[in-house]
Amino acid sequence: MPDRSRHPASYRDPSGFIFRLDGLCYRQVNEEYADDYRQLIDSGLYQALSSKNWLIGHSEVEQGPIGGPGHLKTLLPRQLPFISYPAEWSPDQLKDAALLTLGILRAAISRGMILKDASPTNIQFADGRPLFIDSLSFERYDASRPWVAYRQFCECFLYPLLLHHYHHQGVHKILAAYPEGIAASTTLPQLPLKSRLRPGIWLHVVLPARIRQGDGDAARLPPFDEKKLLLVVDNLESTIQKLRTDAPGEGSWRRYYSETILSSSYLAEKEKIFREMLGSIGFSSALDLGANDGHFSKILAERKALVIAADSDWACIGNLYRWCRDTGTSIYPLCIDIADPTPASGFGHAERSSFTERAESDLVIALALIHHLVLTRNIPFHMLAGYIARLTRAHLIVEFVAATDEKAILLTRNKPGFHKPYNANAFEQEFGRYFTIIRRTPIPGTERILYLMRKKEGQ
């Protein structure tokens with residue numbers, strides 16, 4: 001019999017669930033969602049949203065349920081090649097996801113439906129843009145009731161974006177610490193006092209923070225109607241659109257390639273060698289560790305490969321995301337600290353899989369990265385080699401930076417020590433435990449070496 005496995009993250013909504021069959025993801029729709037599903041289709045809402053690439057498209061298929069009574073339909077959604085989590089997003093990504101959610105809410109209301117939840121986990125990114133993936137998040141609209149997902153939307157979207165707007169720390173760490181959203185009472189003390197005079201913050205943060213028991217207070221609210229809800233949506237949209245997602249100043253590495261202290265020809269020489277190495281191998285997926293501004297991720301994308309670009313600097317990832325969004329390029333930019341990558345999490349540590357599990361690719365590139373991890377994070381060569389070997393199925397392109405390189409000197413200045421020996425021989429010996437060196441090319445005019453390696457069998 002074919003293997004059917006219910007996705008461990010798909011358990012909260014009794015309307016249906018996701019399951020896997022023969023390598024594909026399906027969505028089961030249960031009988032209790034029948035009326036809402038019928039309205040989603042018959043009202044034209046599904047067609048309107050999917051035609052604009054706001055909502056993931058699907059087809060109805062003849063696949064039986066995988067367990068329990070109540071099966072209504074089985075859907076085969078568009079298959080997404082990579083799944084990311086909000087704790088890996090830049091502020092721009094979260095902002096675009098928030099605005100898409102509000103746009104979908106507005107469209108749903110116009111066709112007699114509403115979103116019953118507003119989690120950023122309902123959003124993925126495809127072709128550089130956000131895409132709503134939960135087709136069962138819609139229910140029939142009762143105009144006499146407030147939006148049931150309003151609080152969730154604020155806690156998961158608005159409040160992290162507000163904290164970033166005022167503190168410029170990104171949103172990924174907030175969402176990692178508060179995967180279900182950060183409360184108004186936690187957010188408010190972290191906002192400047194003068195900000196509370198802004199109508200959007202007064203309405204969506206100050207007032208909710210003063211409400212202790214939402215259900216009890218909701219019962220005393222005056223009757224609700226569609227006009228009031230649309231005014232709330234308008235205000236949320238206006239408030240979010242005004243929030244800054246950029247960085248007020250440039251960090252140490254955000255202009256690494258545009259204003260490098262190395263020779264002006266460094267990037268051109270490095271790119272030339274890199275392209276030659278790429279031309280000698282085949283790959284359908286690639287992971288760029290320490291992607292910085294995405295210069296080499298964009299070269300990888302020229303090969304029509306699935307490209308994941310990871311960097312700990314949220315501003316770099318935000319810049320790359322905006323480029324992908326504006327050009328429609330399918331690169332997946334992620335805020336990832338390689339020294340502390342996203343762990344498996346959620347119920348049973350199974351709802352959200354780890355970065356290491358999701359990011360495995362045919363090719364890994366690690367350019368101008370290893371010296372950061374060794375010299376500043378004190379990760380020895382052998383541990384780095386072992387970890388990178390877990391991430392690549394076949395090839396590695398990696399750059400070694402000597403301790404006497406100007407960038408390396410900056411990292412070790414005023415630092416008491418790091419793992420030694422730190423030199424090319426030690427690097428090659430430790431990486432040689434996992435990889436065979438195919439090509440070793442010094443970058444002209446620098447003390448840097450670019451390597452093309454192939455993973456050894458059994459590693």
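How many nonpolar, polar and charged residues does the lining of the largest cavity have, by class? Before I come to that, a word on what we are looking at. This is a predicted model, in which local features need pLDDT of at least 70 and side-chain atom pairs count only at pLDDT 80 or more, while totals for chains, interfaces and linings use all residues. Residues are numbered from 1 along each chain as its sequence is written, and side-chain values use heavy atoms, with hydrogens and water left out.

On confidence, pLDDT is the predictor's confidence in each residue, from 0 to 100, and for the protein chain its mean is 92, with 93% of the residues reaching 70 or more. Over residues 213-219, however, pLDDT stays under 50, and for that stretch the model has two contacts beyond four places in sequence, a contact being heavy atoms within 4.5 Å.

Now the cavities. On a 1 Å grid over the protein atoms alone, a cavity is a set of points where a 1.4 Å probe fits but cannot get out, whereas a pocket is an open set with protein on both sides within 12 Å along at least five of seven lines, and lining residues have an atom within 4 Å of a point. Grid points are joined across faces, edges and corners, and a volume is the space filled by probe spheres set on the points. There are three cavities of 30 Å³ or more, and the largest holds about 50 Å³ of space. Its lining includes Gln93, Phe125, Asp127, Tyr321 and Tyr332. The elements that give two or more residues to this lining are β7 (123-126), α12 (314-327) and β12 (331-335), where helices (H or I, at least four residues) and strands (E, at least two) are DSSP runs numbered from the N terminus. To answer the opening question, the lining has seven nonpolar, three polar and one charged residues, with Ala, Val, Leu, Ile, Met, Phe, Trp, Tyr, Cys and Pro counted as nonpolar, Asp, Glu, Lys and Arg as charged, and the others, Gly among them, as polar.

The largest pocket has a volume of about 1500 Å³, and of the 50 residues that line it, the closest to its centre are His7, Ala9, Ile83, Thr121 and Ile133. Strand β2 gives the most to that lining, with four residues, and the lining divides into 20 nonpolar, 15 polar and 15 charged residues.

Turning to charge pairs, there are 29 salt bridges, each a side-chain nitrogen of Lys or Arg within 4 Å of a carboxyl oxygen of Asp or Glu. In one of them, Arg27 pairs with Asp134, the closest N and O atoms being 3.3 Å apart; Arg27 lies in strand β3 (residues 24-30) and Asp134 in the loop between β8 (129-132) and β9 (138-140), so the pair ties together parts that are 107 residues apart in sequence. Both residues are buried, where buried means under 20% relative accessible area, exposed over 50%, and partly exposed in between (1.4 Å probe, protein chains only).

Asp127, which I named in the cavity lining, forms a salt bridge with Arg78 at 3.4 Å between the closest N and O atoms. Arg78 counts as partly exposed at 34% relative accessibility, and Asp127 also counts as partly exposed, at 39%.

Finally, eight of the 11 residues of helix α15 (residues 381-391) are buried, so this helix is largely enclosed by the rest of the structure; among the buried ones are Phe381, Tyr387 and Leu391.
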